[in-house]
Amino acid sequence: MPDQSSWLREATATAEGGHVRTDDGGFSTALASPLAPHCTGLTPEQLLAAAFASCLHHAAVEVAGEITDEAHTVQVRAEAKLGRDNDGRYRADVHAEISSAGLSRDQLADLVEYADRLWPFSSSDASRHRLTVTPAENGRH
């Protein structure tokens, strides 16, 4: 992993009490709760689909700017499915589609290939990300 000085962007989010929010206030929404199925809010699969669509859109717009002056027409649609393995662990399946007006079939194929390679959650390389989960210090929010 790169050292901390090489990171381009950083964000922090907190989920608690049926809500998730970024610490900068840019995003805040209610969450569905497995403890209160009657509650309304976003589900984990909705958040996963939105996150992948957003991340891949960012990469696709960057790449599209090198292919066409129509980068503003890039659209990413992501579908996320969650399932459970026999041992109870969740598994995710995410499928994303990229489109952009005015591109030839070859240009669109190049756009998809390059955008997929840019983001750390590439369809071909699961080794480019790491998740570390640790207990928080008591009373830390």
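**Exercises on charge pairs and overall build**

Arg117 is partly exposed, with a relative accessible area of 46% (buried means under 20%, exposed over 50%, and partly exposed in between, with a 1.4 Å probe and protein chains only). The model is predicted, so local features need pLDDT of at least 70 and side-chain atom pairs count only at pLDDT 80 or more, while totals for chains, interfaces and linings use all residues. Residues are numbered from 1 along each chain as its sequence is written, and side-chain values use heavy atoms, with hydrogens and water left out.

**Exercise 1.** Determine which pattern of helices and strands the chain follows along the sequence.

*Solution.*
Step 1. Count the elements: there are 2 helices and 5 strands (DSSP runs, numbered from the N terminus: H or I of at least four residues for helices, E of at least two for strands).
Step 2. Place these elements in sequence order, which gives β-β-β-α-β-β-α.

**Exercise 2.** Describe the extent of the chain and the share of its residues that is buried.

*Solution.*
Step 1. Along the principal axes, the C-alpha trace spans about 50 × 40 × 35 Å.
Step 2. Of the 141 residues in the chain, 18% are buried.
Step 3. The exposed area is about 11100 Å², and carbon and sulfur atoms supply 51% of that area (Shrake-Rupley method with a 1.4 Å probe; for residues, only the protein chains shown count as cover).

**Exercise 3.** State how many salt bridges the whole structure holds, and examine the pairs Asp87 with Arg89 and Glu113 with Arg117.

*Solution.*
Step 1. A search of the whole structure yields 6 salt bridges (a side-chain nitrogen of Lys or Arg within 4 Å of a carboxyl oxygen of Asp or Glu).
Step 2. In the salt bridge of Asp87 with Arg89, the closest N and O atoms are 3.0 Å apart; both residues are exposed.
Step 3. Glu113 and Arg117 form a salt bridge of 3.4 Å, N to O.
Step 4. Both partners belong to helix α2 (residues 105–118) and are 4 residues apart, about one turn of the helix.
Step 5. Glu113 has 42% relative accessibility and therefore counts as partly exposed.

**Exercise 4.** Identify the network of salt bridges that includes Asp23.

*Solution.*
Step 1. Glu16, Arg21 and Asp23 are joined into one network by salt bridges that share partners.
Step 2. Between Asp23 and Arg21, the closest N and O atoms are 3.3 Å apart.
Step 3. Asp23 is partly exposed because its relative accessibility is 47%; Arg21, at 37%, is also partly exposed.
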